[in-house]
Amino acid sequence: MLKFVSQRLLYTLMLLLLVSLSVYFIFDLLPVDPARLVCSKQCTPALVEANRHRLGLDVSVFEQWWRFIQGLFVGRNYAEGAAAIHCPAPAFGYSFTRHECVTTVLAKAFPVTLSLAIGAFILWISIGVGLGIVAARRKNQWPDRAATAFVLVGTSLPSFISG
């Protein structure tokens, strides 16, 4: 059992590393330059290059990914000199528009997200169990068919519509 769990954890870790590396390479292939998007309409080549350095885009994609992985365990510094910003581990990045670490932004949003998830879980369980009981008690009658149709429509809808 311990061998099975350790193998699964190792496979999970390898999958997470592969997915994160793939995401970095996919975003590198996009035709949009993030350093140019950050600056205003009066963007000069020198300003774009300074933004590219500040955002860490002046190194290879593999180096960017490696800095991200290191930041998850030891934290990460963004920018240099007096303008250096340190995000403690796990450092998921720095939001230059909000001027705070992404981990802080996630920590602020977590209680609201958790309350929404708990509310959705309670609705899901109560409606699901209720419809299941109705469908079981009225098998092959109209309440069973209505419950089945409701469940099929509910699962077929995209989550942004049903949410």
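W66 comes out as partly exposed in this predicted model, with a relative accessibility of 40%. Its neighbour in sequence, W65, is buried instead, at a relative accessible area of 8%, which puts W65 below the 20% cut-off for burial. Together with F62, these two tryptophans make up one aromatic cluster.

Ring pairing is a recurring theme here, with a count of 5 aromatic pairs. Take Y24 and F68: the ring centres sit 5.8 Å apart and the planes meet at 40°, so this pair goes down as tilted rather than stacked or edge-to-face. As for where the two rings come from, Y24 belongs to helix 1 (residues 2-29) and F68 to helix 4 (residues 61-74), so the contact ties together parts of the chain that are 44 residues apart in sequence. The two partners also differ in cover: F68 is buried, at 17% relative accessible area, whereas Y24 is partly exposed, at 24%. The 20% cut-off falls between those two values, which is why the labels differ.

W65 and W66 also pair up, again in a tilted arrangement, with 6.3 Å from centre to centre and 50° between the planes.

Then there is the surface. A nonpolar patch is formed there by F110, L114, I118, F121, I122, W124, I125, V129 and I133, and together these residues have about 920 Å² of accessible area. One of them, V129, lies in helix 5 (residues 102-137). V129 is partly exposed, with 46% relative accessible area; that value is over the 30% needed for a place in a patch, yet not over the 50% that would make V129 exposed.

How values were computed. Residues numbered from 1 in each chain as written. Predicted model: local features only at pLDDT ≥ 70, side-chain atom pairs only at ≥ 80, totals over all residues. Heavy atoms only, no water. Phe/Tyr/Trp six-rings, centres within 6.5 Å; stacked < 30°, edge-to-face > 60°. Helix = DSSP H or I, 4+ residues; strand = E, 2+ residues; numbered from the N terminus. Buried < 20%, exposed > 50% of the residue type's maximum accessible area, 1.4 Å probe, protein only. Patch = residues over 30% accessible without salt bridge, like charges linked within 9 Å, V, L, I, M, F, W, Y side chains within 5 Å. Areas by Shrake-Rupley, 256 points an atom, 1.4 Å probe, with all protein chains shown as cover. Salt bridge = Lys/Arg side-chain N within 4 Å of Asp/Glu carboxyl O.
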